[in-house]
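Subject: The two-chain model, with notes

Hi there,

Here is the structure I promised to send over. Have a look at it first, and then read my notes below.

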Amino acid sequence: MNDEHADRRPTRRASSRSRRAANRPPAVLIVLGSLGALIVLVPLVGLLGRAPWGSLLERLGDDAVLEALRISLITSVAAAAIATVVGVPLAWLLARTQFPGRRLLRAVVTLPMVLPPVVGGAALLFAFGRRSPVGEFLDEQFGIVLPFSTTGVIIANTFVALPFLVVTVEGAIAALDGRHESAAATLGASRLTVFRRVVLPMIRPSLVAGIVLAWARAFGEFGATITFAGNLPGRTQTLPLAVFAELDGERDTAIAISLLMVAVSIGVLVTLRERWWPTGATREGAGRTEVDR
Amino acid sequence: MSTTVRGGLVAELEFQRGDLELDATLRVEPGEVLALVGPNGAGKSTILELLAGLTPVDAGSIRLAETLVDDPGSGVFITAEQRRTGVVFQDHLLFDHLSAADNVAFGLRCRGVRRTEARRRASELLTALGLGAYSDRKTSELSGGQAQRVALARALAPGPDLLLLDEPLSALDVETRRDIRRTLVEQLAVFPGPAIVVTHDPTDAMVLADRVAVIEHGRITQVGTVDEVRTHPATPYAASLVGTNLLDGIADGTTVELASGHHLTVADGSHLGPVRLAIRPEAVSLHPDRPSGSQRNVWSTTIEVIEPMGDTTRLTLGEPIHLAVDITAAAADALKLAPGSEVWAAVKATEVSIQPA
């Protein structure tokens, strides 16, 4: 303490300046970081700059756009619903049971997150296409043709969206204190009851986040859809496909749809902000709850 | 709380996991409370897991309420879900997404009781435990003591055949602990089945339990009444654990009159009326002549019993105050102690802890 004091006194005049300098972030990090921010900002600003603000509502009200919006909403909501109904049980099985090949199954289910969507679409085509065994069977027995149909879009969307839900929910279940489930068991709850009345309510925030993520992924789906279901207006043309189509035709319409999708994306971010960027208050709050327990 | 008395618990538990090799036999009669005490890692929690049916035993058997519930020999295993065991956990493990009443009703609903009937019984039970006003509260809004009461009500509600309490008081502050301890005493007194309380607090063991089982390294090293274990501890651990002397008396300021008429001085003079004093065996010093130190409590007495326990020797003092005293074996030799020896005993006022009886 004394030594420090003695060291400081002669350099006091310089110290405030040098201390401020020491606190400044390194220039190289500032430059590279700013570059990173620009890579994201410039295209968004470009989009806003080219936007046909005057005719925006008119263009979005165009029949073709409304049709694409309708298909987008139907297929993305259906895909999110299917992903939830089958994905939550799958997540529970992966987190809470032991069976041979569990790790492999988890890796395979996660694969569509990193797989190029066009490859996923091709895989779906080979599996459910008219000339594939499954496709032939569906066509002959039920008259169902998946490729180039709205149902096909839903299947392509589910394929890419499912992993987001499974990964989010499985992580939440694995992080649960399993003793709550033990406590429920000693009260006479079957495993299904424990799942319904203890596990699901306890992971609710993660479940909501998983559903929103899966829906957002389905809503923005492009590659798998165009490969498996094509780009047929009124049947398989979703908003992203409409943007792609209009870039060659009505460019302003493409921009208007793009702005609509930017707005939806911002909405998703706002919904999930607590999850990805906990504010100081919630972080503290969470810490306090831990201590209380 | 509709349990009919159907017989007690007979458990022969053999189980291995990691470093723990459990080999323990427990018998608890209906209406009896057994305290399970032992150091960390001795296997206390594992025993509760096995008894609750959360894990099957490797070998041995568990018989509860005249039913075989776990017996690898004949392939019987009744799961936790079917076993009717009420468990109170140290950190209560309430379901925070449910209200207090719904937590208590949970077990009843699982056993097929209708919703309104389950609600009604849950509120009744909560009212009996002094929480009638908190039925609709979220459990995350309850204090530690209230939460532990709800946990007790939740465990009792379905009328279990066996009640297991895992360190039910250790997460609570001193004052709350006293309240909940009283609640536990009341509820255990009317619980018709066998009950086991895991604790590391000798006071809890003495107040709550009829008998004590000491477990060390997965083996039961001693079973007996609290008095038996205190006066004849089988191991040094048992001696250190339940050796604490408890004395009842009437406090008036810093002076406490014991039932024997003898007076002891305590440091904490804030009590008036019936109190319970606790004196650790190692807090008492023995002297061949009247000591001239600062100790406030000095009296002459005789040695009744001498029990060597390795490095320490446990002595039992005779009239006027029966106390267990631990001194080093070297000191016992130096004092040339034998049964009947006359000595002076001394204990500092600060070494006598006091709480209302």
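Below is what turned up, going from each chain to the place where they touch and then to a few odd spots.

Before anything else, keep in mind that this is a predicted model.

**The two chains**

Let's start with chain A. It has 17 helices and 0 strands. Of its 293 residues, 32% count as buried. If you take the contacts in chain A between residues at least 6 apart in sequence, 75% of them join residues at least 24 apart.

Chain B is built from 10 helices and 21 strands. It has 357 residues, and 42% of those count as buried. For contacts in chain B with a separation of 6 or more, 64% come from residues 24 or more positions apart. Measuring tape in hand, so to speak, you'd find that the C-alpha trace of chain B spans about 75 × 50 × 35 Å along its principal axes.

Chain B is also split into domains: domain 1 covers 9–242 and domain 2 covers 245–356. Taken over C-alpha atoms, the centres of these two domains of chain B are 34 Å apart.

**Helices packing in chain A**

Two helix pairs in chain A are worth finding on your screen, and H9(A) takes part in both.

Try H7(A) (residues 117–128) and H9(A) (residues 150–175) to begin with. Their axes are 10 Å apart and the helices pack at an angle of about 130°. That angle is why H7(A) counts as oblique to H9(A). The crossing of H7(A) past H9(A) is right-handed. On the H7(A) side, the contact uses Pro117(A), Gly120(A), Gly121(A) and Leu124(A), while H9(A) brings in Ile155(A), Ala156(A), Phe159(A) and Val160(A). Sorted by class, the residues of this contact of H7(A) with H9(A) are 6 nonpolar, 2 polar and no charged.

Now for the other pair, H9(A) with H12(A) (residues 204–219). How do their axes cross, and within what distance do they come? The axes cross at roughly 160° and come within 8 Å. Angles over 145 degrees count as roughly antiparallel, and H9(A) and H12(A) are therefore roughly antiparallel to each other. This crossing of H9(A) and H12(A) is right-handed. The residues of H9(A) that meet H12(A) include Val160(A), Phe164(A), Leu165(A) and Val169(A). Among their partners in H12(A) are Leu207(A), Ile211(A), Leu213(A) and Arg217(A). By class, the contact of H9(A) with H12(A) has 13 nonpolar, 4 polar and 1 charged residues.

**Where the chains touch**

How many residues of chain A are in contact with chain B? There are 15 of them, and they contact 17 residues of chain B. Helices H10(A) (178–186) and H11(A) (191–202) each supply at least two residues of the chain A side. The largest share of that side, 6 residues, comes from H10(A). In total, the chain A side divides into 7 nonpolar, 6 polar and 2 charged residues.

H10(A) deserves another look. Its buried residues are Glu181(A), Ser182(A), Ala183(A), Ala184(A), Ala185(A) and Thr186(A). The buried residues of H10(A) pack against H11(A), and also against H1 (44–52), H2 (80–83) and E7 (85–88) of chain B. After H10(A) comes Gly188(A), with a positive phi near 95°.

**A few odd spots in chain B**

Which loop holds Arg84(B)? Look between H2 and E7 of chain B. Phi of Arg84(B) is positive, near 65°, and this residue is not a glycine. Arg84(B) has 25 other C-beta atoms within 10 Å. The cut-off for buried is 20 or more, so Arg84(B) is buried.

His92(B) isn't a glycine either, but its phi is positive at about 50°. You'll find His92(B) in the loop between E7 and H3 (100–110) of chain B. His92(B) counts as buried because it has 23 C-beta neighbours inside 10 Å.

Last one: Glu319(B) and Pro320(B) are joined by a cis peptide bond, with omega about 5°. Pro320(B) sits in the loop between E18 (312–317) and E19 (324–328) of chain B.

Cheers, and happy browsing!

How values were computed
Residues numbered from 1 in each chain as written. Chains lettered and ligands numbered in written order. Predicted model: local features only at pLDDT ≥ 70, side-chain atom pairs only at ≥ 80, totals over all residues. Domains from an automatic or database assignment. Contact = placed C-beta atoms within 7 Å. Helix = DSSP H or I, 4+ residues; strand = E, 2+ residues; numbered from the N terminus. Nonpolar A, V, L, I, M, F, W, Y, C, P; charged D, E, K, R; others polar. Axes fitted to C-alpha atoms, helices over the stretch in contact; angles between N-to-C directions. Parallel < 35°, antiparallel > 145°, perpendicular 65-115°, else oblique. Left-handed = near helix turned anticlockwise from the far one by under 90°. Buried ≥ 20, exposed ≤ 12 C-beta atoms within 10 Å, placed from the backbone.
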